[in-house]
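User: I would like a close look at a single part of this structure, namely the salt bridges of one helix and the sheet that this helix lies across. Please take me through it in one connected account.

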Amino acid sequence: MTDDQVIAAREKANRAGSSRAARIVTGLPDRRARIEEATIDLPGRRLMLRVHRPKNADRKLPLIVSFHGGGFIAGTAAQNDWLNSYLAARSPAVVVSVEYRLAPQHPLPQPVEDGYDTLVRLVEDATGSGIDPAAVAVMGESAGGMIAALIALRARKEGPLLRAQVLNYPATDWTETWADYPSIAENADNPTLPLSRLCASRKLSVPPTLDPHSVSPLKFENLAGLPPTLVVTAALDPVADHGRRYVERLRENGIDARLTCYPKATHSFLSTPGLVPAARPARREILAFLRGHLRPALRS
């Protein structure tokens, strides 16, 4: 596919995924949260944000910055409304989903820079946004999980302080060894993430001038200093071993890391609760994990 064809296919898929009819598959937002669109001005670009807040909140709230999936070439913040609105209402928290720039026009590391710069700006403006800067977490799914993981790696040295990270079926290795995992071969024909799509995503998102090790959390030599981590994987997912191996590495580096693999679940299952029953217990687990790490920060 040409770049123009990729962009056209993405726009068509995003329109379909954001439609009212698609809610049968993607789930209805939690009615106790309100969803607003906002913009954020960063050096050289303006990004769209999708902000989820509880309807009845009269105090500073934790901040959860969320990143959608789509292999760095597709996806939209709206596809995570079912999860993000629930977390906003039940935590309670402000959940901000970032419409980061996508390849092929904006290859890596630009999506990661979008995410990190947005996080920093939100924390800097915490008072005006009703956010507690001492209770911040990042979360992402698939490619967004890689973005969240890379942001956490950067934030441990440059700030801001993160209390937790949640990585849902993340891709963590974008180097030449990305396919050298048993789950890739075992689930190569899975329709939710076929091998052909993985190949296309990597080809379009990693420019020849970029060292892929720099955007592969699994390949970082030192993972010390990261926040408590929850990694959610799916048994029928080609990148399940990306998440499993990352948890092993985190534990080897002394990080409090939890791994949950949901049987009979496929890649992106948290974005398709109407099709995959495992989405609901996974959502409850994510909520409990984030509340456990963000609420103590509010009391301290």
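Analyst: What follows starts with the helix and its charged side chains, moves on to the sheet, and ends with two further salt bridges.

The model is a predicted one, and in it 17 salt bridges are found. One of these joins glutamate 248 to arginine 245, whose closest N and O atoms are 3.0 Å apart. Both residues belong to helix α9, which spans residues 240–252, and because they are three residues apart there, about one helical turn separates them. Glutamate 248 is partly exposed, at a relative accessible area of 30%, and arginine 245 likewise counts as partly exposed, at 26%. The pair is also part of a wider arrangement, since a network of salt bridges links Asp241, Arg244, Arg245, Glu248, Arg249 and Glu252. In general terms, side chains of opposite charge can pair when their charged atoms come close.

As to where this helix is placed, α9 lies across β6, β7 (229–234) and β8, and runs at about 160 degrees to β8. These strands belong to an open sheet of eight strands with mixed pairing, in the order β1-β2-β4-β3-β5-β6-β7-β8. The edges of the sheet are formed by β1 (33–42) and β8 (257–262), and because each has a single partner strand, one side of each is left without a neighbour in the sheet. On average, and with direction ignored, neighbouring strands of this sheet are turned by 20 degrees against each other.

Within the sheet, strand β3 (residues 61–67) and strand β5 (residues 131–141) run parallel and are joined by six bridges, and valine 65 has valine 138 in β5 as its bridge partner. Another helix, α3 (residues 81–90), lies across β1, β2 (45–54), β3, β4 (94–99), β5 and β6 (164–168), running at about 55 degrees to β2.

Two further salt bridges can be set beside the one in α9. Glutamate 36 and arginine 34 meet through their side chains at 3.2 Å, N to O; glutamate 36 is partly exposed, with a relative accessible area of 39%, and arginine 34 is also partly exposed, at 34%. Arginine 32 forms a salt bridge with aspartate 30, with 2.9 Å between the closest N and O atoms. Here the two partners fall into separate classes of exposure, because aspartate 30, with a relative accessible area of 12%, is buried, whereas arginine 32, at 43%, is partly exposed.

Conventions: Residues numbered from 1 in each chain as written. Predicted model: local features only at pLDDT ≥ 70, side-chain atom pairs only at ≥ 80, totals over all residues. Heavy atoms only, no water. Salt bridge = Lys/Arg side-chain N within 4 Å of Asp/Glu carboxyl O. Buried < 20%, exposed > 50% of the residue type's maximum accessible area, 1.4 Å probe, protein only. Helix = DSSP H or I, 4+ residues; strand = E, 2+ residues; numbered from the N terminus. Pairing = 2+ DSSP bridges. Axes fitted to C-alpha atoms, helices over the stretch in contact; angles between N-to-C directions. Contact = heavy atoms within 4.5 Å.
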